[in-house]
Amino acid sequence: MDREDLRGIGVNDSDCIAFLQWALPRLGLHWRGFRKVRRQVCRRVEARFRELGLADAAAYRGRLESGQKAEWEALAALCTIPISRFYRDPPVFDCLGTAVLPALAQAALGRGAAQLECWSAGCASGEEPYTVSILWRMALEARFPQLSLRVLATDIDPGLLERARVACYRASSIRCLPVLWCEQAFERRDALYCLRPAFLAGVEIEREDLLAQPPQRLFDLVLCRNLAFTYFAPDLVRVALERIGSRLRAGGALVIGVHERLPQPATGFEAWPGCRAIFRRCTHD
Ligand SMILES: C[S@@+](CC[C@H](N)C(=O)[O-])C[C@H]1O[C@@H](n2cnc3c(N)ncnc32)[C@H](O)[C@@H]1O
């Protein structure tokens, strides 16, 4: 990390790395996933220990070692990474729109379903589930008038979910969306772009820990991007994949982040032909 990158971090970078390498595994998180985002986490950790009247990360570690459950929970909240945006990684959503969602819609019609079920696990402030909603309405709804889209959007952070319910965003959040879609899906309110009601319809927002009980229903499409496969410790990655797999219909699709991999062997999943970071749940394991 160069001098430029260190600007704004009060806590010494190597102290912070040592602290995170000690603390993250105890939270079921993996240091490797945090390397790139550590500046953000270090700033939050420093703000927290100063708020507690502590001098440095070592003193904060001492406080945590004294075993206060509430402080561990506070630290876990500091280590969630809320970064997201609409149509993040455009080739992935292009593939969803041209290949994956049409195939899933055909399969749903084939079994007589009236709804296409989608789950965005780790939805941040709603950018990802609302992207699916926009994609469906702008590109696919007219082709599949017998089907409606239902999207479950879950996250562990109640503050982010509240922002998802408000559904107003800065221009930077929507810059990857096609311009025409921006104009049709959002209305301008001062400096913000607020999603029109038609695109909120069918999106349900719920607080849920991916590592706790999974939702009850089965899904045709699950997006779990830039969460479990980046930040979770290896044993928990497998737990998360099993939970997701148990809720994904045979033939359904799992979308992960473009820099992520499924843990190997990823029994029961095969790459979706021609699409990066998208996998099909095999009809047989
Ligand atoms: C980096 S964001 C990814 C947002 C979106 N999926 C994307 O790729 O743009 C990760 C999200 O996962 C959420 N998260 C972290 N741990 C979680 C858990 N155990 N269960 C559910 N959500 C979690 C965070 O609050 C955050 O909103």
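**Strands, a loop residue and a ligand site**

In this predicted model, three strands form an open sheet in the order β3-β5-β4, and their pairing is antiparallel. The strands at the edges are β3, residues 168-169, and β4, residues 186-189; each of them has a single partner strand, so one side of each is left without a neighbour in the sheet. As a general point, the strands of a sheet pair through backbone hydrogen bonds, and this pairing can be either parallel or antiparallel. In the antiparallel case shown here, β4 pairs with β5, which spans residues 192-195, over four bridges, and if you look along this pair you will find Arg188 standing opposite Tyr193 in β5.

A parallel arrangement can be followed by starting from strand β1, which runs through residues 115-121 and is mostly covered, with six of its seven residues buried. β1 pairs in the parallel sense with β2, residues 148-155, over seven bridges, and within this pairing Ser120 has Ala153 of β2 as its bridge partner. Between these two strands the chain passes through helix α8, residues 127-140, and the resulting β-α-β crossover is right-handed. β1 also pairs in the parallel sense with β7, residues 219-223, over three bridges, and here Ser120 stands opposite Leu223 in β7.

We can now turn to the ligand, which is surrounded by 19 residues, the closest being Ser84, Arg88, Asp155, Leu210 and Asn226. Sorted by class, this shell holds eight nonpolar, four polar and seven charged residues. Several contacts involve nitrogen atoms of the ligand: a nitrogen atom of the ligand lies 3.0 Å from an N or O atom in the side chain of Glu128, while a polar backbone atom of Ile156 is 3.3 Å from a nitrogen atom of the ligand. For Leu210 it is again the backbone that takes part, with an N or O atom 2.8 Å from a nitrogen atom of the ligand. On its own the ligand has 600 Å² of accessible area, and the protein covers 95% of this.

Finally, consider Gln68, which is placed in the loop between helix α5, residues 57-65, and helix α6, residues 69-78. Is Gln68 buried, exposed or partly exposed? Its relative accessibility is 36%, and because buried means under 20% and exposed means over 50%, Gln68 counts as partly exposed. Gln68 and Ala233 are 165 residues apart along the chain, and their C-alpha atoms are separated by 22 Å.

Methods
Residues are numbered from 1 along each chain as its sequence is written. This is a predicted model: local features need pLDDT of at least 70, side-chain atom pairs count only at pLDDT 80 or more; totals for chains, interfaces and linings use all residues. Side-chain values use heavy atoms; hydrogens and water are left out. A residue is near a molecule or strand if one of its heavy atoms lies within 4 Å of it. A polar contact is a pair of N or O atoms within 3.5 Å; within protein, one must be able to donate a hydrogen and the other to accept it, and residues adjacent in sequence count only if both atoms are side-chain atoms. Accessible areas come from the Shrake-Rupley method with a 1.4 Å probe; for residues, only the protein chains shown count as cover. Ala, Val, Leu, Ile, Met, Phe, Trp, Tyr, Cys and Pro count as nonpolar, Asp, Glu, Lys and Arg as charged, and the others, Gly among them, as polar. Buried means under 20% relative accessible area, exposed over 50%, partly exposed in between (1.4 Å probe, protein chains only). Two strands pair if DSSP finds at least two bridges between them. A crossover is right-handed if, with the strands pointing away from the viewer, the path from the first strand over the helix to the second runs clockwise.
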